[in-house]
Amino acid sequence: MEDKDTKLANIALDIIRVANILERLGGKYAHEADLNSVQQYMILSLLNAEPNLSMGDLHQNTLVTKQAITGVVDRLKKGGYLEIYKDSKDRRITRVLLTEKGKKALQATRPKRISGNQEAFSILSEEEISQLTGIFSKLILHLKNIENIGTGEDIIND
């Protein structure tokens, strides 16, 4: 019988394994829409849902480093998928806007994303999907708070 520490370590490793597999599968769908990565898809998706996000907003919503966000945004800009501009009220803030090409690329991923997600999660019941959603939301919030404790940033209270 496994002790609690071993179980928790195995859960953490399983989450990483699942994330890696989903990233590879998502990468295939992204490539079909001429995107280079799931991260590019994620940024386009965020901007589609909420236009004119700042670089800081993208960093907070994707949970990847500011340097990585900058690199992905630069590549998307070079590809014509988005535009960046300085906020008119605060020139220190860089905002990001989805272009028509970005919208079309995002739309091109939709059929594969829908069928791929349905296939990936087909082994779970509706109840299990709801539970998993709640568990991951709770875990992400908790881990963000742990991470912020050491940085001196405000604790997230969402």
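The term pLDDT denotes the predictor's confidence in each residue, on a scale from 0 to 100. The structure shown above is a predicted model, and across the chain this confidence averages 88, with 94% of the residues scoring at least 70. Among the elements of the chain, strand β2, which covers residues 82-86, has the highest mean pLDDT, at 93, while helix α3, made up of residues 55-62, has the lowest, at 88.

One stretch calls for more caution. Over residues 154-158 the pLDDT stays under 50, although the model does give this stretch nine contacts beyond four places in sequence. Where pLDDT is low, the predicted coordinates should not be read in detail.

With that caution in place, the charged side chains can be considered. A search of the whole structure finds five salt bridges. One of them joins the side chains of R17 and D14, with a distance of 2.8 Å from N to O. Both residues belong to helix α1, which spans residues 4-32, and because they are three residues apart there, about one helical turn separates R17 from D14. Neither partner counts as buried, because buried means under 20% relative accessible area, whereas R17 has a value of 47% and is partly exposed, and D14, at 40%, is likewise classed as partly exposed.

A comparable arrangement along a helix involves E100 and K103, whose side chains meet in a salt bridge at 3.5 Å from N to O. These two residues lie three apart in helix α5, residues 100-120, so that about one helical turn lies between E100 and K103. K103 is partly exposed, its relative accessible area being 39%. Elsewhere, D57, D87 and R95 are joined into one network by salt bridges that share partners.

The side chains of R92 and D90 also form a salt bridge, in which N and O are 2.9 Å apart. Here R92 has a relative accessibility of 73% and therefore counts as exposed, since the class begins over 50%.

Aromatic rings complete the picture. The structure holds zero aromatic pairs, but the ring of Y81 does take part in an arrangement with a charged side chain: the charged end of K101 sits over this ring, 4.8 Å from its centre.

Definitions and conventions
Residues numbered from 1 in each chain as written. Predicted model: local features only at pLDDT ≥ 70, side-chain atom pairs only at ≥ 80, totals over all residues. Heavy atoms only, no water. Phe/Tyr/Trp six-rings, centres within 6.5 Å; stacked < 30°, edge-to-face > 60°. Lys NZ or Arg CZ within 6 Å of the ring centre and 35° of its normal. Helix = DSSP H or I, 4+ residues; strand = E, 2+ residues; numbered from the N terminus. Contact = heavy atoms within 4.5 Å. Salt bridge = Lys/Arg side-chain N within 4 Å of Asp/Glu carboxyl O. Buried < 20%, exposed > 50% of the residue type's maximum accessible area, 1.4 Å probe, protein only.
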